[in-house]
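Hi,

Here is the model I said I would pass on. Have a look at it first, and then read my notes underneath.

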Number of protein chains: 2
Amino acid sequence: MEHKQEVSKAVIQRLPRYYRNICELKAEGEQRISSKALAERMGLTASQIRQDFNCFGGFGQQGYGYNIDKLQEELGAIMGLRTGRTAILLGAGNLGRALLNNFNFSASGFELLCAFDANPQLIGQRFGGHEVRSADTLAEFIERNKPDVAVLTIPRGDAPRIAHGLVERGIRGLWNFTGEDLHLEGLGVPVENVHLSDSLMTLCHLVGAADEERAQNL
Amino acid sequence: MEHKQEVSKAVIQRLPRYYRNICELKAEGEQRISSKALAERMGLTASQIRQDFNCFGGFGQQGYGYNIDKLQEELGAIMGLRTGRTAILLGAGNLGRALLNNFNFSASGFELLCAFDANPQLIGQRFGGHEVRSADTLAEFIERNKPDVAVLTIPRGDAPRIAHGLVERGIRGLWNFTGEDLHLEGLGVPVENVHLSDSLMTLCHLVGAADEERAQNL
DNA sequence: TAGATTGTTAATCGATTAACAATC
DNA sequence: TAGATTGTTAATCGATTAACAATC
């Protein structure tokens with residue numbers, strides 16, 4: 001079912017977007033879609049879509065296109081969304097609570113077990129149904145429950161030390177919001193470094209470029 | 001000072017990361033750095049860094065390297081970080097408040113003027129020093145203060161309608177957290193669509209791949 | 001069957017890397 | 001001056017696009 005010859009990073013990065021669009025199409029009641037139609041919707045080329053899907057063995061049908069249910073299932077399987085992975089969240093500050101309250105972890109393949117914080121005022125409280133526990137109980141919790149990944153919404157400076165501690169205890173992936181780039185790939189631990197400031201800086205740059213363009217077209 | 005021949009998207013996406021690393025180096029007290037040393041630090045090649053910087057005219061010195069103060073200033077200028085752009089935030093829910101309370105807008109080139117929400121309980125409150133105003137006053141506020149961009153932390157379904165309304169009133173950029181992809185580039189309005197779920201799905205996939213790798217190496 | 005659309009190979013394009021002369 | 005390191009051109013590599021035979 002899966003070709004086994006190193007899928008390129010560019011393709012992997014497109015998978016969530018494919019998945020998202022397929023879910024939307026499903027919600028719109030569609031049952032099938034051609035590479036051409038999907039390309040138009042997503043601003044890609046049909047060729048690229050077919051190339052991308054064929055990295056994983058091709059799940060279309062000539063003359064018909066792609067069945068949306070099947071596509072959703074296949075893409076989900078490739079990303080491992082239904083494998084019941086578990087996550088914990090470290091740092092129940094504003095951003096941590098925003099995620100606890102609003103973010104749909106299970107839609108991205110994870111069950112969020114609980115959160116940890118050092119602040120006694122927060123311990124015992126629940127946000128979005130997730131309990132905040134004492135940071136003192138973290139090591140024991142990991143030992144017992146073996147969560148797959150940790151969400152880091154702790155202050156910036158603490159990141160490297162805590163990240164290494166987590167990896168030593170068996171955490172196998174990090175979703176890192178601290179702003180400090182973490183690189184544990186050498187240890188075989190993938191990290192997604194989320195840099196909101198990078199995104200906003202890019203917007204700043206693009207707004208400037210668009211302004212210039214407008215000025216020239218006057 | 002600036003070459004004017006369409007800098008590639010790949011380069012533009014790297015600019016914030018360059019800027020971030022240069023800021024870190026400055027904080028560490030460094031005064032200069034060579035493309036070789038920076039490449040090592042960032043996991044790139046020296047060649048690529050020199051190519052990238054030379055898209056904008058080259059601000060190094062043979063035999064010496066790059067002066068960090070100068071580099072920071074130049075990169076900041078390229079991205080327009082000191083041009084005093086202004087922003088408003090729409091939707092003071094959990095995520096909106098997390099940004100208001102914690103996010104350093106000015107470090108990414110924007111002054112956040114205030115926030116808007118329809119919930120009467122929130123109106124008048126302040127988060128991180130930013131006032132929440134009634135959504136009813138939004139149109140008038142834009143008219144008077146002409147903010148450059150809007151941060152969308154409103155519910156998903158409202159996104160397209162509100163986005164178009166904002167653009168009609170003169171907003172020239174969107175930082176979109178709604179989860180719904182917005183494409184207004186046709187109107188000359190750049191959008192940064194933030195998809196946290198894409199990032200977490202990618203992590204899910206990478207954790208799976210790393211697990212397989214480990215299994216094979218046993 | 002005829003029409004449509006995939007899977008896949010070949011061609012093109014763009015981005016990264018290597019090399020080296022220029023020069024601080 | 002000698003050493004270092006840039007700016008820049010040329011070579012390589014990888015990703016995207018085009019084309020078309022296979023086939024539903």
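Below is what I found when going through it, starting with the DNA and ending with a couple of backbone oddities.

Before anything else, keep in mind that this is a predicted model.

**The DNA strands**

Let's begin with DNA strand C. It has 28 residues around it, and the closest are Gly58(A), Gly60(A) and Gly63(A) from one chain and Gln62(B) and Gly63(B) from the other. On the surface near that strand, two or more residues apiece come from α2 (35-42) and α3 (46-54) of chain A and from α3 (46-54) of chain B. The largest share belongs to α3(A), with 6 residues. As for residue classes, this surface has 19 polar, 7 nonpolar and 2 charged residues.

Now DNA strand D. Here 29 residues surround the strand, and Ser8(A), Gly63(A), Gly58(B), Gly60(B) and Gly63(B) come nearest. The elements giving two or more residues to the surface near strand D are α1 (9-27) and α3 of chain A, along with α2 (35-42) and α3 of chain B. In this case α3(B) makes the largest contribution, 6 residues. The class split for the surface near strand D is 19 polar, 7 nonpolar and 3 charged.

UniProt has something to say on this part too: an unreviewed entry lists residues 17-56 of chain A as "DNA-binding region". In the model, that stretch of chain A is 70% helix and 5% strand, and its end C-alpha atoms sit 16 Å apart.

**Domains and the second annotated region**

Chain A splits into domain 1 (9-79) and domain 2 (85-197). Taken over C-alpha atoms, the centres of these two domains of chain A are 31 Å apart.

The unreviewed UniProt entry also lists residues 80-181 of chain A under "domain: CoA-binding". Over those residues the chain is 26% helix and 27% strand, with 25 Å between the end C-alpha atoms.

**The annotated binding site**

Which residues does UniProt place under "binding site"? The unreviewed entry gives Gly91(A), Ala92(A), Gly93(A), Asn94(A), Leu95(A) and Gly96(A). I looked at two of these in detail.

Asn94(A) is in helix α5 (residues 94-102) of chain A. Is Asn94(A) buried or exposed? Asn94(A) counts as buried because it has 20 C-beta neighbours inside 10 Å, and 20 or more is what a buried residue needs. Leaving out residues up to four places away in sequence, Asn94(A) touches Arg97(B), Ala98(B), Asn101(B) and Asn102(B).

Gly96(A) also lies in helix α5 of chain A. Gly96(A) counts as buried, since there are 25 C-beta neighbours inside 10 Å. Setting aside neighbours within four places in sequence, the contacts of Gly96(A) are Leu89(A), Gly91(A), Ala115(A) and Thr153(A).

**Between the chains**

On to the interface, where 47 residues of chain B are in contact with 47 residues of chain A. On the chain B side, α1 (9-27), α5 (94-102) and α8 (196-216) each supply at least two residues. The most comes from α8(B), with 16 residues. By class, the side of chain B that touches chain A has 23 nonpolar, 15 polar and 9 charged residues.

**The core**

The largest nonpolar core has 112 residues, and the ones with the most contacts inside it are Ala150(A), Leu152(A), Ala150(B) and Leu152(B). Take Leu152(B): not counting residues up to four places away in sequence, it touches Leu90(B), Gly91(B), Ala159(B), Ala163(B), Leu174(B), Trp175(B), Asn176(B), Phe177(B) and Thr178(B).

**Two backbone oddities**

Finally, check Lys146 in both chains when you have the model open. Lys146(A) is not a glycine, yet it has a positive phi of about 45°. You will find Lys146(A) in the loop between α6 (138-145) and β7 (149-152) of chain A. Lys146(A) is exposed, because just 12 other C-beta atoms lie within 10 Å, and 12 or fewer makes a residue exposed.

Lys146(B) likewise has a positive phi of about 45° without being a glycine. Lys146(B) is in the loop between α6 (138-145) and β7 (149-152) of chain B, and counts as exposed with 12 C-beta neighbours inside 10 Å.

Cheers

Key:
Residues are numbered from 1 along each chain as its sequence is written. Chains are lettered from A and ligands numbered from 1 in the order in which they are written. This is a predicted model: local features need pLDDT of at least 70, side-chain atom pairs count only at pLDDT 80 or more; totals for chains, interfaces and linings use all residues. A residue is near a molecule or strand if its C-beta atom, placed from the backbone, lies within 6 Å of it. Helices (H or I, at least four residues) and strands (E, at least two) are DSSP runs, numbered from the N terminus. Ala, Val, Leu, Ile, Met, Phe, Trp, Tyr, Cys and Pro count as nonpolar, Asp, Glu, Lys and Arg as charged, and the others, Gly among them, as polar. Domain bounds come from an automatic or database domain assignment. A nonpolar core is a set of buried Ala, Val, Leu, Ile, Met, Phe, Trp, Tyr and Cys residues joined through C-beta atoms within 7 Å. Two residues are in contact if their C-beta atoms, placed from the backbone, lie within 7 Å. UniProt positions are given in the numbering used here, feature names are shortened, and annotations may be inferred rather than shown by experiment.
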